[in-house]
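Subject: Structure handover

Hi,

Here is the structure for your work. Please open it alongside this message.

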Amino acid sequence: MDLGRRLLRSPTVQRVLGRTLAGYLKLVHRTSRIVHQDPLIRDFAVPNKPVIVALWHGQHLMVPLVRPPEMPFAVLLARHADAEVNAIAISRLGLGTVRASGAHRSKDVRRKGGAAGFLEMLSALGEGISMALTADVPRGPAKQAGRGIILLAQHSGRPILPLAYASSRRLDVSSWDSASVNLPFSRAAIVCGEPILVPKDSSDMAIEALRRRLTASLDAATAKAYAIVDGTTQAN
């Protein structure tokens with residue numbers, strides 16, 4: 001294990017980095033001007049709470065700063081040590097965390113804590129706590145919703161609200177999820193897709209259709225958010 005990875009596994013270093021990340025996210029939020037905030041965040045999410053907020057990887061860290069203050073939220077984060085920094089930052093921003101990772105192969109579910117995490121998310125939703133989680137499974141394919149979030153909506157009976165956050169000033173990262181780092185002094189846009197309800201008696205075919213619908217909805221919301229902040233379309 002190299003020195004950098006050993007340092008990242010140090011609880012002291014993780015606390016410092018987590019607090020720094022939380023401070024940075026607050027700076028981005030306070031210095032950015034939200035030019036478009038989708039009314040569904042308040043008109044749908046608040047009266048229908050708890051909800052399941054679905055995002056693509058690379059956008060989930062801004063959720064604590066745009067949620068309605070009266071809505072308790074928890075964020076799904078991976079269990080590995082590298083995600084501990086994000087967990088500390090999320091906690092300092094006032095949200096709870098559920099530690100688990102999605103997986104494509106059934107043999108990976110137990111290793112990543114997927115089954116326990118799923119039950120913990122069901123419990124949180126049952127207690128009135130909304131969940132925010134990325135729809136795409138770590139390590140790809142990126143921007144393709146997995147079945148897990150659809151199954152969570154099916155078993156909990158709670159609606160999925162697709163959401164995208166974009167900022168005009170950003171650093172695009174060369175990573176598996178093509179993430180962007182939001183920068184201060186930006187124009188920001190928050191765009192939602194139409195809420196998705198998953199009936200409890202949904203067949204495998206229906207679940208697959210809803211998975212594809214969620215993928216398309218998040219793609220459309222993301223494209224619209226970037227178009228708004230980049231000035232290629234008008235906010236409405």
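Below is what was found in it, from the whole chain down to single residue pairs.

**Overall**

Please keep in mind that this is a predicted model. The chain has 236 residues, and 47% of them count as buried. Nine helices and nine strands make up its secondary structure elements. Long-range contacts are well represented: of the contacts between residues at least 6 apart in sequence, 72% join residues at least 24 apart. The exposed area of the chain is about 11600 Å². Carbon and sulfur atoms supply 54% of that area.

**Helix α5**

Helix α5 spans residues 84-92. Its buried residues are Val85, Ala87, Ile88, Ala89 and Ile90. What covers them? The cover includes two helices, α2 (11-31) and α4 (63-66). It also includes two strands, β3 (73-77) and β4 (96-99). Just after α5 comes Gly94, with a positive phi of about 95 degrees.

Two charged residues of α5 come up again below. Arg92 is in this helix, and so is Glu84. Arg92 has a relative accessible area of 49%, so it counts as partly exposed.

**Surface patches**

Which residues form the positive patch? They are Arg15, Arg19, Lys26, Arg30 and Arg92. Helix α2 gives the largest share, with four residues. Arg92 belongs to α5, and α2 is among the elements that cover the buried residues of α5.

There is also a nonpolar patch on the surface. Leu171, Val173 and Val181 form it. Together they have about 220 Å² of accessible area. Leu171 sits in strand β7, residues 170-172.

**Salt bridges**

How many salt bridges does the structure hold? The count is seven. Side chains of opposite charge can pair when their charged atoms come close. Three of the pairs are described here, followed by a network.

*Glu70 and Arg42.* These two form a salt bridge, with their closest N and O atoms 2.7 Å apart. Glu70 is in the loop between α4 and β3, while Arg42 is in helix α3 (residues 40-45), so the bridge ties together parts 28 residues apart in sequence. Both ends are partly exposed: Glu70 at 35% relative accessibility, Arg42 at 44%.

*Arg99 and Glu84.* Their side chains meet in a salt bridge at 2.9 Å, N to O. Arg99 is in strand β4 and Glu84 in helix α5, 15 residues apart, and the pair links these distant parts of the chain. Strand β4 is also among the elements covering the buried residues of α5. Arg99 is partly exposed, at 22% relative accessible area. Glu84 is partly exposed too, at 27%.

*Asp204 and Arg147.* This salt bridge has an N to O distance of 3.6 Å. Asp204 lies in helix α9 (residues 204-229) and Arg147 in helix α8 (residues 147-156), so the pair ties together parts 57 residues apart in sequence. Are the two ends buried or exposed? Asp204 counts as exposed, at 56% relative accessibility. Arg147 is partly exposed, at 35%.

*The network.* Arg170, Asp172 and Asp230 are joined into one network by salt bridges that share partners.

Best regards

Conventions
Residues numbered from 1 in each chain as written. Predicted model: local features only at pLDDT ≥ 70, side-chain atom pairs only at ≥ 80, totals over all residues. Heavy atoms only, no water. Buried < 20%, exposed > 50% of the residue type's maximum accessible area, 1.4 Å probe, protein only. Contact = heavy atoms within 4.5 Å. Patch = residues over 30% accessible without salt bridge, like charges linked within 9 Å, V, L, I, M, F, W, Y side chains within 5 Å. Areas by Shrake-Rupley, 256 points an atom, 1.4 Å probe, with all protein chains shown as cover. Salt bridge = Lys/Arg side-chain N within 4 Å of Asp/Glu carboxyl O. Lys, Arg positive; Asp, Glu negative; His and termini not counted. Charge placed at Lys NZ, Arg CZ, Asp CG, Glu CD.
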